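Here are a few exercises to work through with the model open next to you. Try each task before you read its solution.

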Amino acid sequence: MGYFYMLLLRLVAYLEGNSKIYFFIAVAFLMSLTIGKNIFRFRKDGRFLISCGIYFFLLLLVVVLHTFIFSELFIRDIAVLAAIFIWFVYVTTRFWNRDVDAGLRYILISFLIYNIANYVFNEISFGDAKIGINSTLGFFGIQGYRISFPLSSGANVNASQIGLCSLIAIYFYKNKRDIRKKLLYLLVFLFHVFLLVLADSRLILLVALIFSLFTFYSFTRVINFAKRYWLALSISLILMMYFFYSTDVFESIKRPGEKSGRVLNRFEIWQVAIEVIFNDFRVITGRGLNGFANALTGELKEKFAAENLETCHNFMIQTLMDFGIFGLLLSLYGIQLIIVKAIKLRKSILLILLTAVLIFSTTEAIPTFYSFEATFFFTALVALIIIRYERENHQHT
């Protein structure tokens, strides 16, 4: 049953009205029973598990109070935060007595079930929909259309977790000796690549393919190379994005809206967001959850009404918008602590996944309140790193 919790929590967000409330209560009750059972099993170490839950609850409570003060708090916001909290507590207790591979296997299977359900739901209900030319297939001379998976909270947000799952699959493919298991994980990897092609998520597909090669190479060498030439790499990425959006160099793989300029590109969104952020003193305090959507008033709201902009499409800019300079510094400090713990665990796959998340966060608000699937994936990954780090320290004391 535990493998279905990710899918069930996403279905809660998909539902509307009273059915959403009833279904959420039912799922939360089931997960609470499992959480209580896990804590009872590890009652000798229950203090740390309870402490993790308390600290995370206090963090989310601060977010709620901050939004209540500086913005408008909706019931749906509390529901999303409650779902994240229950998920974090559940995976924390589940990972306590398991190694890194077992934790990654749980994450992969949970999201695989969700991705299969999402794909099947699309084929049954929206299989004939043609929402736009698939530029990824078009690059190979194949006529096709993009798919917007119905249960997704956003196209690229959903594609991010698909890319991350493909990296876990290729990791297990490399490390399994049983030929049947290797074939199984290879099929899982190819299924996720297939989904990325259908979604026409070009950057995420590219990163997933490149990072999958890192599992067969030396990730340490890649990290050392990135540390030595980080400035050149950063400038190259910015220039590539600039030429993609502002010139016709990549015309062959652009979508119709990108070719005509009808769709806002990332640079335009970031420019608008930065203007809003530095418009008043709330650059220090932030504007609370939904800060960007609420900030688009008057002329800006009318100008971008067709775009339905809700996020800044960048983790740092979004965090700065919602929680100000202080919140951004705390977020970066927290990420730095997680990376340090991952390095000390000496598992390259953890660093690969964290690095991929950071790359995806440059063009999407990942992982934040707005990215349901990617945030759930990141939350489970963070819980796994914290638990394994604590367990290894505990074993040596």
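**Exercise 1: Isoleucine 168 and its surroundings**

Task: Find which residues isoleucine 168 touches, not counting residues up to four places away in sequence.

Solution: Isoleucine 168 touches Leu104, Ile107, Leu108, Leu353 and Phe377, where contact means heavy atoms within 4.5 Å. Before going on, some ground rules: this is a predicted model, so local features need pLDDT of at least 70 and side-chain atom pairs count only at pLDDT 80 or more, while totals for chains, interfaces and linings use all residues. Residues are numbered from 1 along each chain as its sequence is written, and side-chain values use heavy atoms, with hydrogens and water left out.

Next, place the residue: isoleucine 168 sits in helix H7 (residues 155-175). Helices (H or I, at least four residues) and strands (E, at least two) are DSSP runs, numbered from the N terminus. Then check burial: with a relative accessible area of 0%, isoleucine 168 is buried. Buried means under 20% relative accessible area, exposed over 50%, and partly exposed in between (1.4 Å probe, protein chains only). Finally, look at aspartate 101: it is 67 residues from isoleucine 168 in sequence, but 9.4 Å away in space, C-alpha to C-alpha.

**Exercise 2: H7 against H8**

Task: Work out how the axes of H7 and helix H8 (residues 179-199) cross.

Solution: Start with the axes, which are lines fitted to C-alpha atoms, for helices over the stretch in contact, with angles running from 0 to 180 degrees between N-to-C directions. Those of H7 and H8 come within 8 Å and cross at roughly 160°. H7 and H8 are therefore roughly antiparallel, a label for angles over 145 degrees. For residues to click on, the H7 side of the meeting includes Ala159, Ile162 and Phe172, and the H8 side includes Tyr185, Leu186 and Phe189.

**Exercise 3: The cores**

Task: Find which residues have the most contacts inside the largest nonpolar core.

Solution: A nonpolar core is a set of buried Ala, Val, Leu, Ile, Met, Phe, Trp, Tyr and Cys residues joined through side-chain atoms within 4.5 Å. The largest one has 91 residues, and Trp87, Phe95, Leu104, Leu350, Leu353 and Phe376 have the most contacts inside it. Helix H19 (residues 372-395) gives the most to this core, with 11 residues. Another core, of 16 residues, lies apart from it, and Val276, Ile277, Ala295 and Leu296 are among its members.

Now zoom in on phenylalanine 95. Leaving aside neighbours within four places in sequence, its contacts include Tyr106, Ile107, Leu384 and Ile387.

**Exercise 4: Unusual backbone**

Task: Say where proline 367 lies, and which residue a cis peptide bond joins to proline 367.

Solution: Proline 367 is in the loop between helix H18 (348-360) and H19. The cis bond joins it to isoleucine 366, with omega about -10°. Why flag this? Most residues other than glycine have a negative phi, and most peptide bonds are trans.

Task: Is arginine 346 buried or exposed, and what about asparagine 290?

Solution: Arginine 346, in the loop between helix H17 (315-345) and H18, has a positive phi of about 60°. Its relative accessible area is 72%, so arginine 346 is exposed. Asparagine 290 also has a positive phi, near 65°, and lies in the loop between helix H14 (282-285) and helix H15 (291-295). Asparagine 290 is buried, because its relative accessible area is 8%.

Conventions: Parallel < 35°, antiparallel > 145°, perpendicular 65-115°, else oblique.
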